[in-house]
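Work through these exercises with the structure open beside you. Try each task before you read its solution.

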Amino acid sequence: MIRPSRPLIGLLIAASLVGVADARRKKAKAQEIAPVNVTTIGVNAYLWRASLDTLSFMSFAQTDSNGGVIVTNWYVNPQVPTERMRVSVAILDATLRADVVRVSTARQIYQNGQWVDAAVQASTNAKLEEIILQKARDLRRNAAAQG
């Protein structure tokens, strides 16, 4: 039976510890960039936070962080009291991508004592999606800078 010498065992242990320390350094370096998939909730956390921030001037009728759905109550702009808006946001996935956010907007006008559905400009939903995505990217950049 061959018995390894104590110096050889010590050398093997030291070599394995150096490898572990190197792996930790590489892992720490890889974590300097904030991850794209942040899912402590059911959907991407950056998109969720950005959606809430973007719509924070409106009151919320429903929020579901697991399903990624935000629905606002009707909002009446004080400068245009004969018009009101309602916004729904759906976050479809856990990744931070442009095709994951869907915004739907409803608009009504007050005519003859009742609220009547009115057309929404085609660019309204796209503009809100852009704003949410930009805020989410900014949140990700800030997380990387702080982390």
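## Exercises on a predicted model

At 48% relative accessibility, K127 counts as partly exposed. K127 lies in helix α3. The model is predicted, and the exercises start from this residue.

**Exercise 1. Classify K127 from its relative accessibility, then state its C-alpha distance to V103.**

Step 1. Take the cut-offs: buried is under 20% relative accessible area, exposed is over 50%, and partly exposed is in between.
Step 2. K127 has 48%, so it counts as partly exposed.
Step 3. Turn to V103. K127 and V103 are 24 residues apart along the chain, and their C-alpha atoms are separated by 9.3 Å.

**Exercise 2. Describe the fold in outline: how many helices and strands does the protein have, and in what pattern along the sequence?**

Step 1. Count the elements. There are three helices and six strands.
Step 2. Read along the sequence. The pattern is α-α-β-β-β-β-β-β-α.
Step 3. Check burial. The protein has 147 residues, and 24% of them count as buried.
Step 4. Check the surface. About 10000 Å² is exposed, with 55% of it supplied by carbon and sulfur atoms.
Step 5. Check the contacts. Among those with a separation of 6 or more, 45% are between residues 24 or more positions apart.

**Exercise 3. Find the largest nonpolar core and say which elements give two or more residues to it.**

Step 1. Start from the principle. In soluble globular proteins, nonpolar side chains tend to be buried together.
Step 2. Locate the core. The largest one has 20 residues. Those with the most contacts inside it are L47, V87, V89, I91, V101, V103 and I132.
Step 3. Assign the elements. Two or more residues come from each of α2, β4 (83-91), β5 (101-111) and α3 (122-146).
Step 4. Rank them. α2 gives the most, with five residues.
Step 5. Inspect V89. Leave aside its neighbours within four places in sequence. V89 then contacts S51, L55, G68, V69, I70, V101, R102, V103 and I132.

**Exercise 4. Explain how R49 and D53 are placed to pair, and give the closest N to O distance.**

Step 1. Recall the chemistry. Side chains of opposite charge can pair when their charged atoms come close.
Step 2. Read the distance. R49 and D53 form a salt bridge, with the closest N and O atoms 3.1 Å apart.
Step 3. Use the helix. R49 and D53 are four residues apart in helix α2, so about one helical turn separates them.
Step 4. Check accessibility. R49 is partly exposed at 42%. D53 is partly exposed too, at 30%.

**Exercise 5. The structure holds five salt bridges. Which residues are joined into one network by salt bridges that share partners?**

Step 1. Take D93 and R97. They form a salt bridge, and the closest N and O atoms are 3.5 Å apart.
Step 2. Take D99 and R97. This salt bridge has its closest N and O atoms 2.9 Å apart.
Step 3. Join them. Shared partners link D93, R97 and D99 into one network.
Step 4. Check each residue against the cut-offs. D93 is partly exposed at 31%. R97 is partly exposed at 39%. D99 is partly exposed at 42%.

**Exercise 6. Compare two loop residues, N44 and L96: where is each one found, and is each buried or exposed?**

Step 1. Place N44. This residue sits in the loop between α1 (6-30) and α2 (45-54).
Step 2. Judge its burial. The relative accessible area of N44 is 0%, so N44 is buried.
Step 3. Look for a polar contact. The N44 side chain reaches the backbone nitrogen of Y46 at 2.9 Å.
Step 4. Place L96. The loop between β4 and β5 holds L96.
Step 5. Judge its burial. L96 has a relative accessible area of 15%, so L96 is buried.
Step 6. Look along the chain. L96 and R140 are 44 residues apart, and 9.3 Å separates their C-alpha atoms.

**Exercise 7. In what sense do β5 and β6 pair, and which residue of their hairpin takes a positive phi?**

Step 1. Read the pairing. β5 and β6 (residues 114-118) run antiparallel, over five bridges.
Step 2. Pick one bridge. Y110 has W115 in β6 as its partner.
Step 3. Look at the turn. Two residues lie between the strands of the hairpin, and N112 takes a positive phi near 50 degrees.

Technical notes:
Residues are numbered from 1 along each chain as its sequence is written. This is a predicted model: local features need pLDDT of at least 70, side-chain atom pairs count only at pLDDT 80 or more; totals for chains, interfaces and linings use all residues. Side-chain values use heavy atoms; hydrogens and water are left out. Buried means under 20% relative accessible area, exposed over 50%, partly exposed in between (1.4 Å probe, protein chains only). A polar contact is a pair of N or O atoms within 3.5 Å; within protein, one must be able to donate a hydrogen and the other to accept it, and residues adjacent in sequence count only if both atoms are side-chain atoms. Contact means heavy atoms within 4.5 Å. Accessible areas come from the Shrake-Rupley method with a 1.4 Å probe; for residues, only the protein chains shown count as cover. A nonpolar core is a set of buried Ala, Val, Leu, Ile, Met, Phe, Trp, Tyr and Cys residues joined through side-chain atoms within 4.5 Å. A salt bridge is a side-chain nitrogen of Lys or Arg within 4 Å of a carboxyl oxygen of Asp or Glu. Two strands pair if DSSP finds at least two bridges between them.
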